[in-house]
Amino acid sequence: MIRPLVVLAFAIIAQASQPPAPSGDAEQGRTLFVNNGCYQCHNYEGHGGAAGARLAPNPLPWRGFVSYVRAPRGDMPPYTVKVMSEQELADVYAYLRSRPRPPAVSNIPLLAR
Amino acid sequence: MNRRGFLKRASLAGAAAIAAPDVGVDAQAPAPRAPAPATPIMSASAETAVLLDTEVLTADRTGSDFMVDVLKSLGFDYICANPGSSFRGIHESVINYGGNKSPELITCCHEESSVAMGHGYAKVEGKPLGVFAHGTVGLQHAAMAIYNAWCDRVPVYVMLGNQLDATLRRPGAEWAHSVQDAAAMVRDFSKWDDAPMSLQHFAESAVRAYKIAVTPPMAPVVLVLNSEMQERPLGVDVKLAIPRLAVPAPPQGDSGAVAEVARLLVAAEHPVIVADRVARTPAGMKHLIELAETLQAAVIDQGGRMNFPSRHPLNQSQARAIADADVILALEVNDIWGVVNSFRDQLTRTSRPTTKPGMKLVSVTTGDLYVKSNYQDFQRFAEVDLAIAADAEATLPSLIEAVRRALTPDGKRRFESRGAKLAEASSAALDRSRLEASYAWDASPVSTARLCAEIWGQIKDEDWALVNGTGGWARRLWNFEKSYQWIGSSGGAGVGYGAPAAVGAALAHKRHGRFAVNIQTDGDLMYAPGVLWTAAHHRIPLLSVMHNNRAYHQELMHVQKMCNRHSRGIDRGRIGSEIVDPPIDYAKVAQGLGVHAEGPITDPREVGPAIARAVAVVKRGEPALVDVVSQPR
């Protein structure tokens, strides 16, 4: 149990020391999210799907988000500065954070066990 | 009537036909010249026949009647066909001589639909149906579907019309519809073919073809039916016999190798069973459950067939059991390399193993018994520690017995503890799936998770079967527990399989009174939407709910990847892959083909009620379609 706690502590410290995301325009972010093909794997709401992870409404911390988009570790195609500026990524980030939280599973009868 | 009497009667009929007045001739016009005497066309058969002084124009029975006798002996229920002159003889024999029953002719609008219907049908019914097609233009349409069935190890029985004797061909189209070696173009992806030269040859090859098709590894077979042989009169004194069919018992694994696998599994700390195309019959799932429960081992169902109940506590298909595995038993897994490696599709393609060092990999597959060279569906070579070339389903009973013999009291206690942990993991995975499904619950376009949840809400109390669909959310959220509730996918990833395979599977479910459900993608339906008419015409009950993301989305992502790689035109990645401007109105398409349909639906709240109305139509015995505009994946 010690190891996960240590990792969690490092993660919290790392997050606290990260610079906040620059302010972004969520509306513009949605346009960019669609026009740049992010929706293809992550779906229009950034809620993830068969081909991409869920991003919204709580994406990775800002710096980690930018790092991953620029140099993905998995199969995701890289987005260079040439095609998406840091400000445009901030707009997308704002869009993802603006997505509503889902209703509680217990309030969705169709998802009952 | 003996042959001499038959020919005499036919000769008289021929003479009467020649004497009939030509009503098309103008009375004022000069009398036409008498036609030159017809030059008899000397076919191979005519060369050996009695020379007649008058023309024979009718026959009581022809070779194709006997061919139908053979097809009946093999137990074919249906023949799917788009009509074609090269098999007009057997077409007529099926509907008249055979009474259009066992087999019944199913009218198809495309040969690809005929074969894909056979693909879906065979996976439900456990036996092939027949397909008639032209040996040239028909087979070229059918080829993609034959390839899918080949990759999916499914028997489809294809019969091709072809006029072999060049001297008998009608000028024009019949020449374009004739070929020296009809089956050549699909020989790389069919298991066996023949072009019989006589009716007795046909009978023997027909039974042989059936036997080969249904023996694991199953695959399509092709028979060429010479048009002349179909249409040639059948003499009453001709001695023909239909051989008896004995389907071979599938090969079981070597007893020594099976005992060694059992020893490995019993000794393992984290054994994992990976199943792909295991369950050929209901017994397959039953035996796999028995093996998994005896060992309390994790099961990853890759979904090639209905191998394992989706909510069984040992089902770890949504978990990451491979990384911890010390023994992996791969049952009828086509891509074993892919089970134990990950692949990264970037500018430089890379891969790495996903298992821990020392892991033992065992395979049981008929794939080791039969493989061809040209088409590469056999996947990358996998280094296995023990390979058993055998049918997995047939091998399971002896493996279960061997495991039981190897068990110890201490082992049983260890297994119980492992099983409890796996049950917890399975339960947690289901909870995670429900939570993930709740995201974008109210979004428009409709999320694919909600789409599946809405369908489930309407069909869960029926005796349902999912006959087509990506299976992703359905397999995470629905309770698959019966052997017929899932049949896997196309095999060759050839788009256009879904709709016709669903109709073929629904045809098979119809006689069992089951409720067939199809999650239908838009791009797939547009390959041959005419199959909806086939479903309407033959009253095949099938609920189709469109997962309409208005794109060939898999390909869209590939093009997007290239755009990103080159950092150019990233906003144009959709060109060539989207199905918009205009968006297709699938409800109107279906309605035009005689199918009850609603949509397009974009509001998630309207999905459930529309499906409920469609369910009522399907329960009346008809097809119905609901077009839902959905999120991409």
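**Figure 1. A salt bridge between B:Lys619 and B:Glu462.** In this predicted model, the side chains of B:Lys619 and B:Glu462 meet in a salt bridge, with N and O 2.9 Å apart. B:Lys619 belongs to helix 22 (residues 607-619) of chain B, while B:Glu462 sits in the loop between helix 15 and strand 14 of chain B, so the pair ties together parts that are 157 residues apart in sequence. How accessible are the two partners? B:Lys619 counts as exposed, at 55% relative accessibility, whereas B:Glu462 comes out partly exposed at 22%. Elsewhere, salt bridges with shared partners link B:Lys123, B:Asp152, B:Arg277 and B:Arg305 into one network.

**Figure 2. B:Lys460, in the loop between helix 15 and strand 14 of chain B.** The loop runs between helix 15 (448-459) and strand 14 (464-468), and B:Lys460 is found in it. At 42% relative accessibility, B:Lys460 is classed as partly exposed. Want a ruler for this view? Take B:Gly492: B:Lys460 and B:Gly492 are 32 residues apart in sequence, and their C-alpha atoms are 30 Å apart in space.

**Figure 3. B:Arg61 pairs with B:Asp65.** Here the two side chains form a salt bridge, at 3.7 Å from N to O. Buried or partly exposed: which label goes to which partner? B:Asp65 is the buried one, with a relative accessible area of 5%, and B:Arg61 is partly exposed at 32%.

**Figure 4. A salt bridge from chain B to chain A.** The structure holds 35 salt bridges over all chains. The pair shown here crosses between chains: B:Glu436 is in helix 14 (residues 409-438) of chain B, and A:Arg54 is in the loop between helix 3 and helix 4 (62-70) of chain A. The closest N and O atoms of B:Glu436 and A:Arg54 are 3.1 Å apart. How many salt bridges span the interface of chain A and chain B? Just 1 is found. Both ends keep some accessibility: B:Glu436 is partly exposed with a relative accessible area of 24%, and A:Arg54 is partly exposed at 28%.

**Figure 5. The interface of chain A and chain B.** On the chain A side, 37 residues are in contact with 38 residues of chain B. About 3300 Å² is buried between the two chains, and carbon and sulfur atoms give 55% of that area. Which three residues supply more than any other three of the area that chain A buries against chain B? They are A:Gln40, A:Leu110 and A:Arg113, with 22% of it. Polar contacts add up to 16 residue pairs between the chains, counting pairs with both residues at pLDDT 80 or more. Helix 2 (26-35) and helix 3 (39-42) of chain A are the elements that give two or more residues to the side of chain A that touches chain B. Helix 3 has the largest share, with 3 residues.

**Figure 6. Chain A by itself.** Chain A has 5 helices and 0 strands, and reads α-α-α-α-α along the sequence. Of its 113 residues, 38% are buried. Among contacts in chain A with a separation of 6 or more, 59% come from residues 24 or more positions apart. Chain A exposes about 6300 Å², with 61% of that supplied by carbon and sulfur atoms. How confident is the predictor here? The average pLDDT for chain A is 88, and 84% of the residues score at least 70. Residues 1-12 of chain A need a caveat: their pLDDT is below 50, and the stretch has 0 contacts in the model beyond near neighbours in sequence.

Methods
Residues numbered from 1 in each chain as written. Chains lettered and ligands numbered in written order. Heavy atoms only, no water. Helix = DSSP H or I, 4+ residues; strand = E, 2+ residues; numbered from the N terminus. Buried < 20%, exposed > 50% of the residue type's maximum accessible area, 1.4 Å probe, protein only. Contact = heavy atoms within 4.5 Å. Areas by Shrake-Rupley, 256 points an atom, 1.4 Å probe, with all protein chains shown as cover. pLDDT = per-residue confidence, 0-100. Buried area = accessible area lost by both parts, 1.4 Å probe. Salt bridge = Lys/Arg side-chain N within 4 Å of Asp/Glu carboxyl O. Polar contact = N/O pair within 3.5 Å; in protein donor to acceptor, adjacent residues only side chain to side chain.
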